[in-house]
Amino acid sequence: DDEIAAKADALKVATEIKAFASWGGPGQTAAYAEELASRGVMCIGDCMLAATDQFVKDRNDHVWLTFPSVDQLTEHWSEFIRRELAGREARFAGSPVLRNQKRVFGIVRFDESFAGLDQIGASFVKLLKSQGITMAAEAGYELDLTKAQENARLMITKMKSAHVTTLIFAGDPLTPSFLTQEATAQQYFPEWVVLGAAYTD
């Protein structure tokens, strides 16, 4: 995630190695992909964890993403929520009481500024809202394992207080273990919708 080091690496790849393309790179910053693209070198694969369609277009297609773009992710996720979940009972909840209720959505999402991950979550929530689906509670977080248990306690308390039946998770692969343990500790058993962001699939 070091922009200066990433830019220096890209400069070396482009000018010293004289590469046609780079496969992968420091994905937690856009600096590597941006520098390569500005020098006409393609950055393929995990050069970035996330980017918008516009970011790719602005770099004359010199950035090829492994993952779907931010725009593609939000479109697919919102379609799934709208078509398959909204307006129905929370039948996959762990609690019999919640199973008989219409779904009330809440979202726990990555709110890291690197690689556009904050953009994905914000775009997703905004798109759902435009389709008439609102979040009863939102909890953004930055990945810090030293604070993970405390963050989980606060996030689960927020979801439970908002009577969320269906908790949507769009984040890293480590946080769910903290969230589910804390939910159990609070005797809170909602449906869990894991969107598959950032290797959680």
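Thr-166 is tucked away from the surface: with a relative accessibility of 0%, this residue counts as buried. Keep in mind that we're looking at a predicted model. You'll find Thr-166 in strand β6, which covers residues 166–170.

So who does Thr-166 touch? Skipping neighbours within four places in sequence, its contacts are Ala-90, Arg-103, Val-104, Phe-105, Gly-106, Glu-191 and Val-193. One of these, Glu-191, also has a side chain joined to that of Thr-166 by a polar contact of 2.5 Å. Phe-189 is 23 residues away from Thr-166 along the chain, and the C-alpha atoms of the two are 9.3 Å apart.

Now for the rings. A pair of aromatic rings is described by how far apart the centres are and by the angle of the planes. There are three aromatic pairs in this structure. Take Trp-77 and Phe-124: their pair is edge-to-face, with 5.5 Å from centre to centre and 85° between the planes. Trp-77 belongs to helix α4 (residues 70–85) and Phe-124 to helix α6 (residues 117–130), so this pair ties together parts 47 residues apart in sequence.

Here's how buried residues from both stories line up:

| Residue | Relative accessibility | Status |
|---|---|---|
| Thr-166 | 0% | buried |
| Trp-77 | 8% | buried |
| Phe-124 | 0% | buried |

Elsewhere, Phe-110, Tyr-141 and Phe-169 make up one aromatic cluster. What sits over the ring of Phe-55? That's the charged end of Arg-59, 3.7 Å from the ring's centre.

Conventions:
Residues numbered from 1 in each chain as written. Predicted model: local features only at pLDDT ≥ 70, side-chain atom pairs only at ≥ 80, totals over all residues. Heavy atoms only, no water. Phe/Tyr/Trp six-rings, centres within 6.5 Å; stacked < 30°, edge-to-face > 60°. Helix = DSSP H or I, 4+ residues; strand = E, 2+ residues; numbered from the N terminus. Buried < 20%, exposed > 50% of the residue type's maximum accessible area, 1.4 Å probe, protein only. Lys NZ or Arg CZ within 6 Å of the ring centre and 35° of its normal. Contact = heavy atoms within 4.5 Å. Polar contact = N/O pair within 3.5 Å; in protein donor to acceptor, adjacent residues only side chain to side chain.
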